[in-house]
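Visitor: I should like a close look at a single part of this model. Please take me through it step by step.

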Amino acid sequence: MPKPKPRLTIPTTDPPDLVAGRAALGRGAWSEAMVAFSRLLEAEQAPAIAAEASAGIGLASYWTGESERSVAALERALSLYGDLRQPAAAARIACTLADVQLTYFGAAAVANGLIQQAEHLLEGEPIEPTHAWVHVYRGHYDLMVDKNPTAALARARDALRIAHKVDAPEPAVVALALEGLALVTTGDVGEGMPRLDEASAAAVTRGLDDLNAVAWACCYLIHGCESVRDFPRAADWCQRVMSFCDQFGLEPIFGSCRTRYALVLTWQGRWDAADAELRALLDATAQGQPTPLRRIGLVALGELRRRQGAHDEAERAFHLAGEHQLGLLGQASLALDRGEPDL
């Protein structure tokens, strides 16, 4: 599987640590990126450099699962870009911060506020790739939080139109995948799944500079496969996506794909393989408060244990998942298995 294309080497007066940090982000060397960017901040660089360094730490921390550090760094970057009167950069950081809040904390209201902030920042600004990204983030929120695939579909198509106009391949790929998943969610599987295939194929073969775009597009595909129980397609893609994410250390999306892949394995009756995937995920997310990612992993483990007949273990996993809607459905299935239809 090809690595993201290397950036052109252009003579620059940027500090060496800034150049090194950018390069490390591009190849998924998250710890190396954080070290380089941290040195810049310790040296009290100019505000523009401090803004980029803070943003870099926020992105790298996101992928290593250091959610609190990610939020703090991204909030600092957002403030600095605001002071510098760089609305497009501030809008992109606001969207990234919204993603962190939604992924790690399930803070939908906070994420919504940040996306609204990004939308307002871009009002009256010349059209550029960030406009496409903001449509993508709003469409993602429409689909995943508001459960409004029609609104998400409109946003995806707006993002595609802008991305093609300004020649921005990263948001174009994600927008195509979002369009596909929105179509699948409305029931138009015949139109939606080919778009998801196309977007994921483009994501892992074009060598995109933004690893987040690759991960996001592929996650939409696997989500779509699970939604319509297209397990052969999911099995094909899960292995490929997980290999890519493992190569570049994309832990959050690797975890999400791992959970969905485990569900695919469970439905296929490959229970030992499913157990191994879920154990790896839960071991990696054992610290701190339960995150949305850990909750869905516990739901998947509960479903696996239910099918294995280990009812007590299944009940414990569903209980640990908390008030997750799929966990409640799992508890209902478990009650039927136990001959307790009233419960």
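Visitor: Where is the place of Arg85?

Guide: In this predicted model, Arg85 has its place in the loop between helix 4 (67-83) and helix 5. The phi of Arg85 is near 60°, a positive value in a residue other than glycine. Most residues other than glycine have a negative phi. As to its surroundings, Arg85 is exposed, with a relative accessible area of 68%; the cut-off for that term is over 50%.

A second loop residue may be set beside it. Asp167 lies in the loop between helix 8 (149-165) and helix 9, and its phi, near 55°, is likewise a positive value in a residue other than glycine. Asp167 is also exposed, with a relative accessible area of 67%.

The helices that follow these two loops lead on to the largest pocket. Helix 5 (87-105) and helix 9 (169-186) each supply at least two residues of its lining, as do other helices, including helix 3 (47-64), helix 7 (129-144) and helix 11 (211-227). The volume of the largest pocket is about 1700 Å³. Its lining comprises 47 residues, of which Met144, His223, Arg260, Ile296 and His324 are the closest to the centre. By class, the lining residues divide into 25 nonpolar, 13 polar and nine charged.

One further positive phi belongs to a glycine: Gly322, which follows helix 16, has a phi near 75°.

Conventions:
Residues are numbered from 1 along each chain as its sequence is written. This is a predicted model: local features need pLDDT of at least 70, side-chain atom pairs count only at pLDDT 80 or more; totals for chains, interfaces and linings use all residues. Side-chain values use heavy atoms; hydrogens and water are left out. Helices (H or I, at least four residues) and strands (E, at least two) are DSSP runs, numbered from the N terminus. On a 1 Å grid over the protein atoms alone, a cavity is a set of points where a 1.4 Å probe fits but cannot get out, and a pocket is an open set with protein on both sides within 12 Å along at least five of seven lines; lining residues have an atom within 4 Å of a point. Grid points are joined across faces, edges and corners, and a volume is the space filled by probe spheres set on the points. Ala, Val, Leu, Ile, Met, Phe, Trp, Tyr, Cys and Pro count as nonpolar, Asp, Glu, Lys and Arg as charged, and the others, Gly among them, as polar. Buried means under 20% relative accessible area, exposed over 50%, partly exposed in between (1.4 Å probe, protein chains only).
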